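Here's a quick tour of one model, starting with its strands and moving on to its rings. Have the viewer open as you read.

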Amino acid sequence: AANEGMALVDLDGEGVDRAFRADVLAGLHQPQKAIPARWLYDDAGSQLFEDITRLEEYYPTRAETEILTARGAEFAGEIGPGRAVVEFGSGSSVKTPLLLRAIDPAAYVPLDIAGDFLRAAADDLATKFPGLPVYPVEADFMREVALPEAVKGLPTLGFFPGSTIGNMVPRTAVNLLRTMRATLGADSKLLIGMDLIKDPAVLEAAYDDAAGVTAEFNLNLARRINRELDGTIPVEDLRHVARWNDDFARIEMHLEARRDMTFEVAGESFSLATGETIHTENSHKFSRRSANALLLAGEWTPVRRWTDSGERFSLILAEA
Ligand code: AVI
């Protein structure tokens, strides 16, 4: 099975450990070993991803920020004031304020499964926008979420930046888009970031940077397995690989064995032959048409599209 970005599992308390163990063991038993990409984000992995967003080669964050900075007046015109902005994933320090400043919303509702991170982001936003009511909701946005009473009746704008939708295979992405529509209600719009198909060399560099930060991000998953699941994976004999899969229009991250190896995880034994890989992430890239097709399949009608000056990244506005 293809590597999946986010699964519908119980992530509360003990559930995290159990779900991690179950996903890793199930993934390592597949013919093409694969571990869901969401497990890349423990504390170390989240920090490494932050570092990735500042890399010269990793253009998506800068390109999306450029659009949010340059097109504020157009967002205001298309979206209008008075909406409850519901962000899927707690706000990034840079992108969210740019959007909120542009459109003059009635409330801000960050949704995130990680409570600590969520509250820190919400506090930060509340300080930056003293007049704006902020209602953080700790929830798994892969499932339908009941919005706070205080925003019921308000028109909504879902905000899902970063091309995180690209980390899901289309089936999961479509399910999420439909779930978002259910969460947001009838009078809703969605502003979603989707990274664009481009020269594979540029894409591969973005996912295999010269400083090796993305390699560390990927290898950290093997380290996490060793740490949390009594693993004996010889991490130093794994190699980070980022390859463009043209059939599926996606960058795939793999951990490739540099030699034949046998190791244990949670009491079970696994082996990799030289050159064999563990698939750890998909990052789908889109054309204008494939982006629109995905949104339509997810029951959203695209109404406006913006790209950065380098045509590397798109932000799409869609209506329920
Ligand atoms: C979070 N997500 C959108 C990133 C991406 O570009 O797919 C994760 C990432 N993986 C390696 N570098 C960045």
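Strands E2 (residues 84-88) and E5 (residues 156-160) run parallel, paired over four bridges in this predicted model. Along that pairing, Ala-84 sits opposite Thr-156 of E5.

Zoom out and E2 and E5 turn out to belong to an open sheet of seven strands, ordered E4-E3-E2-E5-E6-E13-E12, with mixed pairing. At the edges are E4 (137-138) and E12 (301-307), each of which pairs on one side only.

Now for the helices on that sheet. Helix H4 (residues 72-79) lies across E5, E6 (188-195), E12 and E13 (313-319), and it runs at about 170° to E12. Helix H6 (residues 115-128) packs on the sheet too, touching E3 (107-112) and E4, with its direction at about 160° to that of E3.

There's also a hairpin to look at. Strands E9 (residues 261-265) and E10 (residues 268-272) pair antiparallel over five bridges, and Glu-264 faces Ser-269 in E10. Two residues separate the strands in this hairpin, and Ala-266 has a positive phi near 50°.

On to the rings: how many aromatic pairs does a search of the whole structure find? It comes up with 11. Two of them are set out here.

| Aromatic pair | Centre to centre | Angle between planes | Class |
|---|---|---|---|
| Phe-20 and Trp-39 | 5.0 Å | 45° | tilted |
| Phe-263 and Phe-270 | 6.2 Å | 35° | tilted |

Why does the Phe-20 and Trp-39 pair tie together parts that are 19 residues apart in sequence? Phe-20 is in helix H1 (residues 14-28), while Trp-39 is in the loop between strand E1 (33-34) and helix H2 (43-53), so the contact links those two parts. Buried means under 20% relative accessible area, so Phe-20 qualifies at 1%, and Trp-39 does as well at 4%. Phe-20 has another neighbour: Arg-224 lies over the face of its ring, 4.4 Å from the ring centre.

The other pair in the table takes you back to the hairpin, as Phe-263 falls within E9 (261-265) and Phe-270 within E10 (268-272). Both of these Phe residues are buried.

Finally, which residues form one aromatic cluster? They are Tyr-41, Phe-49, Tyr-58, Tyr-207 and Phe-217.

Definitions and conventions
Residues are numbered from 1 along each chain as its sequence is written. This is a predicted model: local features need pLDDT of at least 70, side-chain atom pairs count only at pLDDT 80 or more; totals for chains, interfaces and linings use all residues. Side-chain values use heavy atoms; hydrogens and water are left out. Rings of Phe, Tyr and Trp (its six-membered ring) pair if their centres lie within 6.5 Å; planes under 30 degrees apart count as stacked, over 60 as edge-to-face and the rest as tilted. Buried means under 20% relative accessible area, exposed over 50%, partly exposed in between (1.4 Å probe, protein chains only). A charge sits over a ring if NZ of Lys or CZ of Arg is within 6 Å of the ring centre and within 35 degrees of the ring normal. Two strands pair if DSSP finds at least two bridges between them. Contact means heavy atoms within 4.5 Å. Axes are lines fitted to C-alpha atoms, for helices over the stretch in contact, and angles run from 0 to 180 degrees between N-to-C directions.
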